[in-house]
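Biologist: Could we go through this model feature by feature, with the general idea given before each particular case?

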Amino acid sequence: MIKKLLMPFITGKGPDFGQLTPLNCRTGDYMLHCQLPGNVHLPTKEREKKPDVVNLRQDMLESMFGQVFNRRCISIGFEWWSYRGLFLQGTMGQLGDLSLNIDVNQTAHAKRLVPNDLLNLESYLRQDFWDYYETEGDGGINWRARERFKNDPFTNGAVPQQYLVQLPDNYEVVDINNVSWLAYYLVGEGTTGAKRSYYWAYPLNENFYLTVRFQINFEPGDASIRLERMLTDAKKIMSMVELRKE
């Protein structure tokens, strides 16, 4: 009870669930609908216009793809919330932030997914993450970190954890509004560090899959309670996501 009462003080204000803005996008045969809470970070900053419709034809989408970590994708949704406390907390009152990215992703290397098969999507993602982070040669971040520290006399060849990206250990199937999603998370995605990326993914067809990603960053301090609060908010936003085949 005391922890619950102190939560806003320790973690800051964060998203305002009393003020919701709808986001809709048609992707192929699916309609995505979600509600984004208010109290967004930098409210006066004009957000980049996102597409209302994504026609899942590779010949029409090629020029629209961007690269985000291991994924070639098109962003269809974004928002960002700041957690601010008293002035003396964190950096100028900043205790952490939570960002949301909704992307339509193209499969890599001419690989194909099995529609409606989350086990197949999990298998694809495991291999894709491994290829991106662990490949030797030019290699990924983890491979390069091990090469960097393997002869380091101060660490005896061990790699400090902040230099490694923690790949998903577990993938869960989570039912949200009558749709089963694949849920997983990474620590230090992209560039290493403490930040965490929580994903919910769904295969749209054999060439594309949808991801809803919440990235959590927090200042040093009471990290566990801040992580708990921001993850709770992320799950609450995700609980309002609806994906319907039409």
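Biologist: To begin with strand pairing, which residue in β5 stands opposite glycine 66?

Modeller: This is a predicted model, in which local features need pLDDT of at least 70 and side-chain atom pairs count only at pLDDT 80 or more, whereas totals for chains, interfaces and linings use all residues. Residues are numbered from 1 along each chain as its sequence is written, and side-chain values use heavy atoms, with hydrogens and water left out. Helices (H or I, at least four residues) and strands (E, at least two) are DSSP runs, numbered from the N terminus, and two strands pair if DSSP finds at least two bridges between them. In this case cysteine 73 in β5 is the residue opposite glycine 66, and the pairing of β4 (residues 66–68) with β5 (residues 71–84) is antiparallel, over three bridges.

Biologist: How many residues lie between β4 and β5 in their hairpin, and with which strand does β5 pair over twelve bridges?

Modeller: Two residues separate β4 from β5 in the hairpin, and phenylalanine 69, which belongs to the turn, has a positive phi of about 55 degrees. The twelve bridges join β5 to β6 (residues 94–106), again in the antiparallel sense, and one example of facing residues is serine 75, whose bridge partner in β6 is aspartate 103.

Biologist: Is serine 82 buried or exposed, and which residues does it touch?

Modeller: The general scale is relative accessible area, where buried means under 20%, exposed over 50% and partly exposed in between (1.4 Å probe, protein chains only). Serine 82, which sits in strand β5, is classed as buried because its relative accessibility is 7%. Contact means heavy atoms within 4.5 Å, and, leaving aside residues up to four places away in sequence, serine 82 touches Gly14, Asn39, His41, Gln94, Gly96 and Asp97.

Biologist: Which strands make up the open sheet, and in what order?

Modeller: The open sheet has four strands in the order β3-β1-β2-β11, with mixed pairing. Because β3 (53–54) and β11 (242–245) stand at the edges, each with a single partner strand, one side of each has no neighbour in the sheet. The partner of β11 is β2, with antiparallel pairing over four bridges, and within that pair arginine 244 in β11 stands opposite methionine 31.

Biologist: What surrounds glutamate 242, and how should its accessibility be classed?

Modeller: Glutamate 242, a residue of β11, counts as partly exposed, because its relative accessibility is 31%. Not counting residues up to four places away in sequence, glutamate 242 touches Met31, Leu32, His33 and Asn177. A polar contact is a pair of N or O atoms within 3.5 Å; within protein, one must be able to donate a hydrogen and the other to accept it, and residues adjacent in sequence count only if both atoms are side-chain atoms. Such a contact, of 3.1 Å, joins the side chains of glutamate 242 and arginine 244. The C-alpha atoms of glutamate 242 and glutamine 35 are 9.3 Å apart, although 207 residues separate the two along the chain.

Biologist: How much space lies in the largest pocket, and which residues are closest to its centre?

Modeller: The largest pocket holds about 340 Å³ of space. Its lining consists of 18 residues, of which Thr21, Leu23, Leu36, Phe78 and Glu79 are the closest to the centre. The elements giving two or more residues to this lining are β1 (16–27), β2 (30–38) and β5, and β1 supplies the largest share, five residues.

Biologist: Where in the chain are asparagine 116 and asparagine 156, and what phi values do they have?

Modeller: Asparagine 116 lies in the loop between β6 and α3 (118–134), with a positive phi near 65 degrees in a residue other than glycine, and it counts as exposed because its relative accessibility is 53%. Asparagine 156 lies in the loop between α4 (141–149) and β7, with a positive phi near 55 degrees, and its relative accessibility of 74% is why asparagine 156 counts as exposed.

Notes: On a 1 Å grid over the protein atoms alone, a cavity is a set of points where a 1.4 Å probe fits but cannot get out, and a pocket is an open set with protein on both sides within 12 Å along at least five of seven lines; lining residues have an atom within 4 Å of a point. Grid points are joined across faces, edges and corners, and a volume is the space filled by probe spheres set on the points.
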